[in-house]
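The following dialogue examines how descriptive terms are justified for a protein structure. Each answer sets a value against the meaning of a term.

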Amino acid sequence: MTKREEDLINKSSIQYPIRIRDGNYYPDESLQNIEYEIFYLDKGSVLFVIEDYEVKLTSGDVIFLQPETKHYMKKMPDQVPYHYYQLFFDSMVLGSEDDPCRRFFEGIRVSRYLNLIPELLFKIRNNSEHKNDFGHELTLKALLYDIVNYIVQTKQYVEISYPRQIYSSHSINAINSAIKYIHQHYKDQIMLKDLLELTSYSKSHFIRLFKKYVGLNFTDYINKYRIEKACLDLIYTQKNITEIGMENGFNTVQYFSTTFKYYMKCTPKQYQKNSRKIMSPTYDMTAN
């Protein structure tokens, strides 16, 4: 990896999971990012495939991709040169889990096709051009808030529900407590008995309720959450695969790799390599 690539990665961090790039080549193999992505086609036209649905994008089009949305660029027979910008981010950049801004964002479903005003499109281009400037972290985060604010003002979203919202029901409160405990202790060994002691439920009752309200059994939920955190480490840190696995609650690198491949359909190394490739700019990396 070149020094310039390292600098671009180090500009972001697991505490600041947001990055912007531009390019004139997009992979033609299926991608499945762990982050949200705002894709803005600045020039040209392309055939974008999202979850097996083809859509032709032209200059000025903007799409919003939810995490884990499968997508890729399909080369057209008469493909013309194109240029695009990408803004990747994790919702933790909007604050802690209890932050009202983050809770609101996680409780809405942003429209896939966005209509952004020229001023915001200019800010996207300008942020990408100045991504190595001092203080860029602040302006990039401000850009994200500006975009989200415009999406809300123009109602380019549908409300779903506040995730893990605390209702009056004792059952929901208990499951919320269990989820919060998992999020706080996912790096440690979490046993079912820990969650039973926390909720004061019997084993069978807790398992049934957790599955009902979360949609996953507690082991799958813990592993999936750990893998999501590991993905961010693979993108935003220089840690090796063993460190990342161990620091995210996996006892062995073999178990980490097996679990990672089950959820992400690739190895941690492949995911890291592909993420770095997406993140790296298209200019000559051997230049001064």
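Q: What share of the contacts in the chain with a separation of 6 or more comes from residues 24 or more positions apart?
A: In this predicted model, such residues account for 71% of those contacts. A contact here means heavy atoms within 4.5 Å.

Q: How many helices and strands does the chain have?
A: The secondary structure comes to 11 helices and 10 strands.

Q: Why are H6 and H7 called roughly perpendicular to each other?
A: In general, two packed helices are described by the angle between their axes and the distance between the axes. The axes of helix H6 (residues 192-199) and helix H7 (residues 203-214) come within 10 Å and cross at roughly 90 degrees. Angles of 65 to 115 degrees count as roughly perpendicular. H6 and H7 are therefore roughly perpendicular to each other.

Q: Which residues in H6 and H7 meet?
A: From H6, the residues are Leu-192, Leu-195, Leu-196 and Thr-199, and they meet Lys-203, Phe-206 and Ile-207 in H7. By class, this contact has 5 nonpolar, 1 polar and 1 charged residues.

Q: What makes strand S4 and strand S6 the edge strands of their sheet?
A: The open sheet has 3 strands in the order S4-S3-S6, with antiparallel pairing. Strand S4 (53-58) and strand S6 (71-74) each pair on one side only, and they are the edge strands. On average, neighbouring strands of this sheet are turned by 30 degrees against each other, direction ignored.

Q: How do you know that strand S3 and S6 pair?
A: Two strands pair if at least two bridges are found between them. Strand S3 (residues 45-50) and S6 have 4 bridges, in the antiparallel sense, which satisfies that condition because at least two are required. Val-49 stands opposite Tyr-72 in S6.

Q: Where is Tyr-157 placed, and which residues is Tyr-157 in contact with, leaving aside its neighbours within four places in sequence?
A: Tyr-157 lies in strand S10 (residues 157-159). With those neighbours left aside, Tyr-157 is in contact with Phe-104, Ile-108, Arg-109, Val-110, Ser-111, Ile-151 and Val-152. Tyr-157 and Phe-105 are 52 residues apart in sequence and 9.9 Å apart in space, C-alpha to C-alpha.

Q: What percentage of the residues in the chain is buried, and what does the chain expose?
A: A residue is called buried when its relative accessible area is under 20%. Buried residues make up 48% of the 288 residues. The chain exposes about 15000 Å², and carbon and sulfur atoms supply 52% of that area.

Conventions. Residues are numbered from 1 along each chain as its sequence is written. This is a predicted model: local features need pLDDT of at least 70, side-chain atom pairs count only at pLDDT 80 or more; totals for chains, interfaces and linings use all residues. Side-chain values use heavy atoms; hydrogens and water are left out. Axes are lines fitted to C-alpha atoms, for helices over the stretch in contact, and angles run from 0 to 180 degrees between N-to-C directions. Helices (H or I, at least four residues) and strands (E, at least two) are DSSP runs, numbered from the N terminus. Angles under 35 degrees count as roughly parallel, over 145 as roughly antiparallel, 65 to 115 as roughly perpendicular and the rest as oblique. Ala, Val, Leu, Ile, Met, Phe, Trp, Tyr, Cys and Pro count as nonpolar, Asp, Glu, Lys and Arg as charged, and the others, Gly among them, as polar. Buried means under 20% relative accessible area, exposed over 50%, partly exposed in between (1.4 Å probe, protein chains only). Accessible areas come from the Shrake-Rupley method with a 1.4 Å probe; for residues, only the protein chains shown count as cover.
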